[in-house]
Amino acid sequence: MDTGGNSLPSGADGVKRKVCYFYDPEVGNYYYGQGHPMKPHRIRMTHALLAHYGLLQHMQVHKPFPARDKDLCRFHADDYVNFLRSITPETQQDLLRQLKRFNVGEDCPVFDGLYSFCQTYAGGSVGGAVKLNHGHDIAINWAGGLHHAKKCEASGFCYVNDIVLAILELLKQHERVLYVDIDIHHGDGVEEAFYTTDRVMTVSFHKFGDYFPGTGDIDDIGYGKGKYYSLNVPLDDGIDDESYHFLFEPIMKKVMEVFKPGAVVLQCGADSLSGDRLGCFNLSIRGHAQCVKYMRSFNVPLLLLGGGGYTIRNVARCWCYETGVALGVEIEDRMPQHEYYEYFGPEYTLHVAPSNMENKNSQLSLENIKSKLLDYLCKLQHAPSVQFQERPPETELPEADEDQEDPDERYDPDSDMDIDDERKTLPSRVKRELVETEPKDQEIQKGSAENAKGYDTTGDDATFTKALDVGSVSIDEPSVKTEQETMNKPTDQMQL
C-alpha cells in the first residue's frame, strides 16, 4: 500500500487543490437531548481545531445558505418536510400519530431548532456540490453526511438526507456520480435512493450482522439498470488499517476505472474509528484518512461529508486531520492550545493509539469479499452513457453579507470563482511533506447502534421511490433560493 503522505505525487495528481469549507457557527448549539450519543457540538470542536492549526486560511470558508422546503422536497415527501418544519418539543404530544409515521421520537428526537438544523447541514452539502459544479476541486461539510434518512421518515439520528440532495445537484453537471461510505453503519438511505439507476454508484464499507440498520449484504447489488451499481463491503468487528485497505484500495481503484465518475461524494463517518462509543472497528485516524487521501489522488471533484462518530474528541481529531489531507498538508501531532483543549487530555495529541481488540476479519474472508466484488465490477464493461437531454439551470450560491458576519468565522482570501494557486505560508504546525509513521490512534469501546423502522414508498409524490431511476424519472426541480433570487427560478420538469 502506497501511503506516501498527504502531499500527493507530482504530475496530474500533484496539483494544488482549490478547497472550500462550509461551517455555520450555530451548528454546535443544537442538542439532541440528555444522554443522546449524537452531539453536533463535535462540529464546533472540529472547527476550533481547524482554526488553531491554521488551516482555515488555506480554504474558502462559507456559512451555508439554509436549504428551503422546496430544496428538501427534491428528495423528501412534502408532508414529511412539512412535519419537520412544524414539530416542536411543545407540540409533539399532540402529534403522536405523525411521530410514529415519520419515525421521530426516540433515536431521532424532537428538539429545539430541529428544522433549522436540517436546513443548515443540508444547505452545506448542496452548497458544496454547487461549488464543485463551478470549478472547485474539493468541498467539505463536516455537519453533513446523514446517510440513513429516507424519503418519508427519519432514521438513525438522521432527518434529512443531505447526501442524496448533494448528489442530485452534482448530477446537473456530471453524467455519473460515485458515492463512497466509510461510516461503520451501512449507507442505506443513499443506496435506497439510487438503487435502480446507473448514473450513481454507491459503495459502502460497514459492519454487517446483527447491527444497525441491518442492510448492506454483499449480494445487494442494485436492480434493473442499477444492477451492479450498488456495492456493499460487509465487515466484522475489530477491522484494522491493514485489513481495511486490503479491500478499500483495490475495490475503489476498479470502481474508478470502470465507472469513471465525474464527481465523488465521500461520507467520512468517524464511528469506524477505534474507541467509538457506538462502534466496534479498530481504525486509526491515519487509516481512516487514508481513504480520503486515496480518493483525492484520482483528481476528480470531491465532496467530503461527516456522518457518524460518537466519541467526540476523536471525531474532531479525525476530521481536522482529514481537512489537512484535503489541503495536501500534514499537521503536527502536538495539539495547539484552544478553547476545547481539555477534551483531548491526557494525551493532548491529534493521534491516539488504537486498541488491541481482536480482528475478527480473517484473511480468507477478506479475500472472498474482494474477489466477489471485483467480479461484480468486471460485469460492468464500460461506463454507462447518458442520453442527451437539456440540462437544468445551474444553481448559484448566494453571497452572504460579510458586514454582518463575525470575521473570525469566515475567511475567504479568494474571489468566489477565481482560482488562486498561491497560498499563504503555512504555520509552524503544518508541513507540506508528510512522513508516514506507524499508526497510533484511539482507545476502544464496543457498542451497538441506532434503530429504525421500515420505509414508506406510498403516496402521490412518486418522484423518488425505494428504487429510484434518476436516468428516466422526471423530477420537480426547485433550485436553492438566494437573496438576489438568482436561484429562485425552478424549472417545470427536470430530466436527470
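How many bridges join strand E4 to strand E5, and do they run parallel or antiparallel? Select residues 177–181 for E4 and residues 200–207 for E5: five bridges join the two strands, which run parallel. To see one pair across this boundary, pick Val177, which stands opposite Val200 in E5. Keep in mind throughout that the model is predicted.

**The whole sheet**

Now show the strands together. Eight of them form an open sheet, and going across it the order is E2-E1-E3-E8-E7-E4-E5-E6, with parallel pairing. The edges are E2 and strand E6 (230–235), each of which pairs on one side only. From one strand to the next, the twist averages 15°. Add helix H9, residues 285–296, which packs on the sheet. This helix touches E3, E4, strand E7 (263–267) and E8, and its direction makes about 180° with that of E7.

**Strand E3 and its two neighbours**

Select residues 138–141, which make up E3. Ile138 and Ile140 point one way from the strand, while Ala139 and Asn141 point the other way. Are these residues buried or exposed? All four are buried.

Next, bring in the neighbours of E3. On one side is E1, residues 19–22, joined to E3 by three bridges and running parallel to it. On the other is E8, residues 302–305, also parallel, with four bridges to E3. Centre the view on Ala139 to see both pairings: Cys20 stands opposite this residue, and Leu303 is its bridge partner in E8.

**The edge strand E2**

Move to residues 60–62, which form E2, and select Gln60. E2 is one of the edge strands, yet Gln60 is buried, with a relative accessible area of 1%. Buried here means under 20%, so the value of 1% puts Gln60 in that class. Display the side chains of Gln60 and His62: a polar contact of 3.1 Å joins them.

**The nonpolar core**

Finish with the largest nonpolar core, which has 143 residues. Which of its members touch the most other members? They are Tyr159, Leu178, Phe205, Met252 and Met295. Two of these can be placed from the earlier stops: Leu178 falls in the range of E4, and Phe205 in that of E5.

Select Tyr159 and show its contacts. Leaving aside residues up to four places away in sequence, Tyr159 touches several aromatic side chains' residues, among them Tyr32, Tyr80, Phe111 and Tyr121. The contacts of Tyr159 also include His76, Leu84, Cys108, Pro109, Leu114, Cys118, Ala149 and Ala154.

Conventions: Residues are numbered from 1 along each chain as its sequence is written. This is a predicted model: local features need pLDDT of at least 70, side-chain atom pairs count only at pLDDT 80 or more; totals for chains, interfaces and linings use all residues. Side-chain values use heavy atoms; hydrogens and water are left out. Buried means under 20% relative accessible area, exposed over 50%, partly exposed in between (1.4 Å probe, protein chains only). A polar contact is a pair of N or O atoms within 3.5 Å; within protein, one must be able to donate a hydrogen and the other to accept it, and residues adjacent in sequence count only if both atoms are side-chain atoms. Two strands pair if DSSP finds at least two bridges between them. Axes are lines fitted to C-alpha atoms, for helices over the stretch in contact, and angles run from 0 to 180 degrees between N-to-C directions. Contact means heavy atoms within 4.5 Å. A nonpolar core is a set of buried Ala, Val, Leu, Ile, Met, Phe, Trp, Tyr and Cys residues joined through side-chain atoms within 4.5 Å.
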